[in-house]
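This report goes through one protein chain, from its aromatic side chains to its fold and its largest pocket. Please keep the sequence and the 3D view open while reading.

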Amino acid sequence: MVALTAEPLRRFARKGWVHVLFAFVAMGSWAVFVNHGHDMPRPIYAGLVQGTMSAGLTLLLKSVIDGLSHRIAYPMQLWAPPAIACLGSATLLLAIHAASGTPEIWKTIAVPLLVSTSYATLYNYSISARRGP
């Protein structure tokens, strides 16, 4: 009985739009939470901005890591692609949150940046291990 329900759930979890929607909801909610002490609608704007940025970064992150890891030689390919992705993500997040007037910028971007950098690092190591030096 368990095997019958696990496979549809796995297929659902592999869909790209599920990851994008999850990033929007999870990281947008985080932004609303850390900005909740400020007057409305600023927490809502922060959540919409962060949710949109997380959804977009989720779409781009895998492609960026794939492209960079093929262009950078070993051993730099182990650390450079995730570092470049992290710097790019941080720059975009800081600039867009500053432009949109997010009150608690550092708290707002801390968790999304940690999650995206962790994903980039693990994904990069997994494809580097398959290819080898």
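Tyr119 is partly exposed, with a relative accessible area of 38%. Here buried means under 20% relative accessible area, exposed over 50%, and partly exposed in between, using a 1.4 Å probe and protein chains only. The model is predicted: local features need pLDDT of at least 70, side-chain atom pairs count only at pLDDT 80 or more, and totals for chains, interfaces and linings use all residues. Residues are numbered from 1 along each chain as its sequence is written, and side-chain values use heavy atoms, with hydrogens and water left out.

**Aromatic pairs**

Tyr119 forms a stacked aromatic pair with Tyr123. Both residues lie in helix H5, 4 residues apart, which is about one turn of the helix. Tyr123 is buried, with a relative accessible area of 15%. Rings of Phe, Tyr and Trp (its six-membered ring) are taken as a pair if their centres lie within 6.5 Å; planes under 30 degrees apart count as stacked, over 60 as edge-to-face and the rest as tilted.

A search of the whole structure finds 2 aromatic pairs. Trp30 and Phe33 form a tilted pair. These two residues are 3 apart in helix H2, so about one helical turn separates them. Trp30 counts as partly exposed, at 26% relative accessibility. The table gives the geometry of the pairs.

| Pair | Centre to centre | Angle between planes | Type |
|---|---|---|---|
| Trp30 and Phe33 | 5.8 Å | 40° | tilted |
| Tyr119 and Tyr123 | 5.9 Å | 5° | stacked |

**Fold and confidence**

The chain has 5 helices and 0 strands, and along the sequence its pattern reads α-α-α-α-α. Helices (H or I, at least four residues) and strands (E, at least two) are DSSP runs, numbered from the N terminus. The C-alpha trace spans about 50 × 45 × 15 Å along its principal axes. Of the 133 residues of the chain, 34% count as buried. Among contacts with a separation of 6 or more, 69% are between residues 24 or more positions apart; a contact means heavy atoms within 4.5 Å.

The mean pLDDT of the chain is 88, and 94% of its residues reach 70 or more; pLDDT is the predictor's confidence in each residue, from 0 to 100. Among the elements, helix H1 (residues 2-13) has the lowest mean pLDDT, 72, and helix H4 (residues 80-100) the highest, 94. Where pLDDT is low, the predicted coordinates should not be read in detail.

**Buried positions in H4**

Leu93 is found in helix H4 and is buried, with a relative accessible area of 1%. Leaving out residues up to four places away in sequence, Leu93 touches Gln50, Met53, Leu57, Ile109 and Leu113. The C-alpha atoms of Leu93 and Pro112 are separated by 9.3 Å, with the two positions 19 residues apart along the chain counted as their spacing.

Ser89 also lies in helix H4. Its relative accessible area is 3%, so Ser89 is buried. With the same sequence neighbours left out, Ser89 touches Leu57, Leu113 and Ser116.

In helix H5, Thr121 is partly exposed, with a relative accessible area of 23%. The C-alpha atoms of Thr121 and Ile65 are 8.9 Å apart, while the residues are 56 apart along the chain.

**Cis peptide bonds**

Most residues other than glycine have a negative phi, and most peptide bonds are trans. The bond from Met40 to Pro41 is cis, with omega near 10°, and Pro41 is found in the loop between H2 and H3. A cis peptide bond also joins Tyr74 and Pro75, with omega about 5°; Pro75 lies in the loop between H3 and H4.

**The largest pocket**

The largest pocket is lined by 19 residues, and those nearest its centre are His19, Ala23, Ser54, Thr58 and Tyr119. Helix H2 (16-34), helix H3 (42-71) and helix H5 (105-131) are the elements that give two or more residues to this lining. H2 gives the most, with 8 residues. A pocket is an open set of points on a 1 Å grid over the protein atoms alone, where a 1.4 Å probe fits, with protein on both sides within 12 Å along at least five of seven lines; lining residues have an atom within 4 Å of a point.

The lining divides into 13 nonpolar, 5 polar and 1 charged residues. Ala, Val, Leu, Ile, Met, Phe, Trp, Tyr, Cys and Pro count as nonpolar, Asp, Glu, Lys and Arg as charged, and the others, Gly among them, as polar.
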